[in-house]
Amino acid sequence: MREIKKISTIEKYTIPSGNNSCKLDANENVVLDKNFLINISLNSLKKIDLRRYPIELYEDLYKKLSNYLMISKRSLVLGSGSDQIIDLLLTLIGRGRRLTSIYPTFSYFKTRCQLHKVGFSEILLSSIDNTLNNGKFIEDAKKSHAIYLCSPNNPTGNQFEKSQILEILTSLENNLVIIDEAYVEFAKYSLTRLVQKYPNLVILRTFSKAVGLAGARIGYMIANEELADLFRNKIQLPYAVNSISLAIAISVISNPEKMEKSISLIKDERERLYRNLSNVKKINVYKSDANFLFIKCNEKYDRILEALENSRIIVKALGNIENYGKCIRITIGTKKMNNKILSIFNNIQ
Ligand SMILES: Cc1ncc(COP(=O)(O)O)c(C=O)c1O
């Protein structure tokens, strides 16, 4: 009972608010045509047999994903969203162990560390340009068993220099290095290929963001073959992903043109929104390598949130972030949604 009571003190991960046509708080891909996905889902339903466990579907998705990423299928492990894989990784790291990460970062990860009783040490990012003090990070990580970095980072949107991550990887050979690439399709580089070279590297990816399938709940891990085999055969649940989700994912990855076009549109819109918001007085918008913008709102915070709410636009209100002040995070939406955002920001005094 004491253990259960303790859990109630863990900060709750705030689930993004409900449905709204202008819901820009969860970094989903709202640019991808909904009808395209409806058609794919209906066709997928016709192809599956729900009476059976999804054995062939698993094999098919592993094969398609391996072709798409140009990586051995033995390096891949599917999960029910990358959230579920994170939980298993923390089980593997184990109670009482220590992990080094940064602040701010993906808040869910920290709350899961608390649940799994993995100590969470965080190194502050520079509030000026979101850069990481590598020396300090490596020094702290040497006292830890594992590290967690988002690349690009959520909520700040930046991707660290590749040379910095490489330095971390080579300096911390004995640590499990988890790189969360949930937003990598919008970024400058991926470390996927490096899993062959670094046996301590684990990369997390997801179908929830760029691929537009947040509702299907599919994530995956990429690691060297030995670790991935162990994870797939001994740690992961045999059927963590259901047949319907697998079939839909297979179709989307087999017809990637629409998804890829939406990614390119989002990147263009991200730059347009960034340029225009940079001219708005008394706020600071940060350059982003993801599908969202991180904005320091200073004294305009309450007015901005009120104006967005009045227009029924939902964004992620981050509150006061140590070292930064009051910030929000906005998902890049359709051109129409982004124009609405710009008009609101331009009209706030
Ligand atoms: C950095 C990061 N990792 C993982 C996830 C979770 O992804 P999934 O939907 O695959 O569980 C998110 C979702 O917001 C995220 O921002």
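**View 1. Strand 5 and strand 6 run side by side in this predicted model.** Let's start with a pair of neighbours: strand 5 (residues 146-150) and strand 6 (residues 176-180) pair in the parallel sense, and five bridges link them. One of the residues to look for is Cys-150, whose bridge partner in strand 6 is Asp-180. Strands of a sheet pair through backbone hydrogen bonds, either parallel or antiparallel.

**View 2. Seven strands make an open sheet.** Stepping back from that pair, you can follow the strands in the order 2-8-7-6-5-3-4, with mixed pairing. The edge strands are strand 2 (76-79) and strand 4 (119-124), each of which pairs on one side only. From one strand to the next, the twist averages 25°.

**View 3. A second open sheet is built from five strands.** Here the order is 1-11-12-10-9, and the pairing is again described as mixed. Strand 1 and strand 9 (284-285) stand at the edges with a single partner strand each, so one side of each has no neighbour in the sheet. At one edge, strand 1 (residues 23-24) runs parallel to strand 11 (residues 314-321), joined by two bridges, and Lys-23 stands opposite Ile-314. At the other, strand 9 and strand 10 pair in the antiparallel sense over two bridges, with Val-285 opposite Ile-295.

**View 4. Strand 11 and strand 12 form a hairpin.** These strands run antiparallel, and five bridges join strand 11 to strand 12 (residues 325-331). Within the pair, Asn-320 stands opposite Lys-326 of strand 12. Three residues lie between the strands, and Asn-323 takes a positive phi near 85°. Asn-323 is not a glycine. Most residues other than glycine have a negative phi, and most peptide bonds are trans. Is Asn-323 buried or exposed? Asn-323 is exposed, because just 12 other C-beta atoms lie within 10 Å, and the cut-off for exposed is 12 or fewer.

**View 5. Cys-327 sits in strand 12 and is buried.** Why does Cys-327 count as buried? There are 24 other C-beta atoms within 10 Å of Cys-327, and a residue needs 20 or more to be called buried. Leaving aside neighbours within four places in sequence, Cys-327 is in contact with Phe-294, Ile-295, Lys-296, Cys-297, Leu-318 and Ile-321. Thr-156 is 171 residues apart from Cys-327 along the chain, yet their C-alpha atoms are separated by 9.8 Å.

**View 6. Helix 10 has a buried side and an exposed side.** This helix (residues 257-277) has 21 residues and reaches 30 Å from its first C-alpha to its last, close to the 30 Å expected. Which residues of helix 10 are buried? They are Met-259, Ser-262, Ile-263, Ile-266, Arg-270 and Leu-273. These residues share the same side of helix 10 because they cover an arc of only 105° around the axis. Turn to the other side and you meet the exposed residues Glu-257, Glu-260, Ser-264, Asp-268, Glu-271 and Arg-275. The buried residues pack against helix 9 (243-254), strand 10 (292-296) and helix 12 (335-347). Helix 10 lies across strand 9 and strand 10, running at about 15° to strand 10.

**View 7. Helix 4 and helix 5 pack together.** Helix 4 (residues 81-93) meets helix 5 (residues 107-115) at an angle of about 35°, with the axes 10 Å apart. Their crossing is right-handed. Helix 4 brings Asp-83, Ile-86, Asp-87 and Leu-90 to the contact, while helix 5 brings Tyr-108, Phe-109, Arg-112 and Cys-113.

**View 8. Two cis peptide bonds lead into prolines.** From Tyr-103 to Pro-104 the peptide bond is cis, with omega near -5°, and Pro-104 lies in the loop between strand 3 (98-103) and helix 5. From Asn-154 to Pro-155 the bond is also cis, with omega near 20°. Pro-155 belongs to the loop between strand 5 and helix 7 (162-171).

**View 9. Arg-217 has a positive phi.** Where should you look for Arg-217? Find the loop between strand 7 (201-206) and strand 8 (219-223). Phi of Arg-217 is near 55°, a positive value in a residue other than glycine. With 19 C-beta neighbours inside 10 Å, Arg-217 counts as partly exposed.

Notes. Residues are numbered from 1 along each chain as its sequence is written. This is a predicted model: local features need pLDDT of at least 70, side-chain atom pairs count only at pLDDT 80 or more; totals for chains, interfaces and linings use all residues. Two strands pair if DSSP finds at least two bridges between them. Helices (H or I, at least four residues) and strands (E, at least two) are DSSP runs, numbered from the N terminus. Axes are lines fitted to C-alpha atoms, for helices over the stretch in contact, and angles run from 0 to 180 degrees between N-to-C directions. The expected span of a helix is 1.5 Å times one less than its number of residues. The arc is that of the directions from the helix axis to the C-beta atoms. Two residues are in contact if their C-beta atoms, placed from the backbone, lie within 7 Å. A crossing is left-handed if the near helix is turned anticlockwise from the far one by less than a right angle, and right-handed if clockwise.
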